[in-house]
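I opened my notebook to record, step by step, what I looked up. Before reading my entries, please look over the sequence and the model yourself.

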Amino acid sequence: MAPHPVVQAIIDLSAGATGGAACVFSGQPLDTVKVKMQTFPKLYRGFIHCFVSTYKQVGLRGLYQGTTPALMANIAENAVLFMSYGFCQQVIRFTAGLHSEAVLSDVQKACAGSVASIFSSLVLCPTELVKCRLQAMHEMASSGKIASSQNTVWSVVKFIIRNEGPLGFFQGLTTTIAREVPGYFCFFGAYELCRTTFADYMKCGKDDIGVAPIVFSGGFGGACLWLVVYPMDCVKSRIQVMSMMGKQAGFFKTFMTITRTEGVRALYSGLTPTMIRTFPANGALFLGYEASRKLMMKQFDS
């Protein structure tokens, strides 16, 4: 028997939170390198140089800088994302005139994921703002752009409240939504398409394809997301970090400034560590989500 809609929402939320935590622990060092390269494209020669420099300057702790807000960001984002994903699938079924148990096509699931990302952006933006600032704090202080570095989550939060007020936490929200909506269409679309391909090849159900195909499908979905939205993510990181020095220009103005003064290539700074990170991180995300969801749904099998 199917669980009550409220119970189903709690299951989706819990499974999304589990996947979010798995995603952070497997990919945080490479995410730190990505943010540093996006914000200071001329400071590092490449991905390896940035990784090694960070390790030499601050040690292993520097590569895991921002892990606490990253955990908060990913757990909150994926909990809301997957809970909304389940709800948005029902909205798609209703809109298409299908019954509540109907199996959706891969494109319909991609649309549901795209709409769900709007809700997750609202919880992601404030936590990702704190994470990005922590990750780039060393460079901002060293270059004299800010007077002193705040190296704890609480010190960054206090600084934002004192200098920018509650709305300061939503610096880069427009860019976050602009990144998430097309990104998650590609993310869920590629993930579901990949799972369908594996299921057809293995002649089994999509839920029974096993660990390795799920990890690969998650990684493939993540790779498609980042290839499509990376320039927007770069602009978002720049706005969120540079807003420490005062009010920043919006998405379009920042985008044009970067392309005019640094060239289009600057919008792709940090893409290498992102693509390397996407397979273990997004593979872990979907494995954590699917495994925990399956375990909880088993309780309702008659």
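The entries below go from the whole chain to single residues.

**Ground rules.** I noted that this is a predicted model, in which local features need pLDDT of at least 70 and side-chain atom pairs count only at pLDDT 80 or more, while totals for chains, interfaces and linings use all residues. Residues are numbered from 1 along each chain as its sequence is written, and side-chain values use heavy atoms, with hydrogens and water left out.

**Entry 1, the fold.** I looked up the secondary structure and found ten helices and zero strands in the protein chain, where helices (H or I, at least four residues) and strands (E, at least two) are DSSP runs numbered from the N terminus. I then checked the radius of gyration, which is taken over C-alpha atoms, against the globule rule, which is 2.2 Å times the number of residues to the power 0.38. The value is 20 Å, close to the 19 Å that the rule gives for 302 residues, so the protein chain is as compact as a globular protein of that length. Along the principal axes, the C-alpha atoms fill a box of roughly 65 × 40 × 35 Å.

**Entry 2, inside and contacts.** I read that 52% of the 302 residues are buried, a word that means under 20% relative accessible area (1.4 Å probe, protein chains only). For contacts, meaning heavy atoms within 4.5 Å, I considered those with a separation of 6 or more, and 79% of them join residues 24 or more positions apart.

**Entry 3, cysteine 23.** I found cysteine 23 in helix 1, which covers residues 5-39, and cysteine 23 counts as buried because its relative accessibility is 4%. Beyond its neighbours within four places in sequence, cysteine 23 is in contact with Asn74, Ala281, Ala284 and Leu285. I paused at alanine 284, since it lies 261 residues from cysteine 23 in sequence, yet the two are 5.4 Å apart in space, C-alpha to C-alpha.

**Entry 4, arginine 238.** Is arginine 238 buried or exposed? I found that arginine 238 counts as buried, because its relative accessibility is 8%. Arginine 238 lies in helix 8, residues 211-242, and its contacts, leaving aside neighbours within four places in sequence, include Gln38, Thr39 and Glu262.

**Entry 5, an annotated span.** In the UniProt record, an unreviewed entry, I found the annotation "transmembrane region" for residues 210-230, and I noted that such annotations may be inferred rather than shown by experiment. In the model, this span is 95% helix and 0% strand, and its end C-alpha atoms lie 30 Å apart.

Conventions. Buried means under 20% relative accessible area, exposed over 50%, partly exposed in between (1.4 Å probe, protein chains only).
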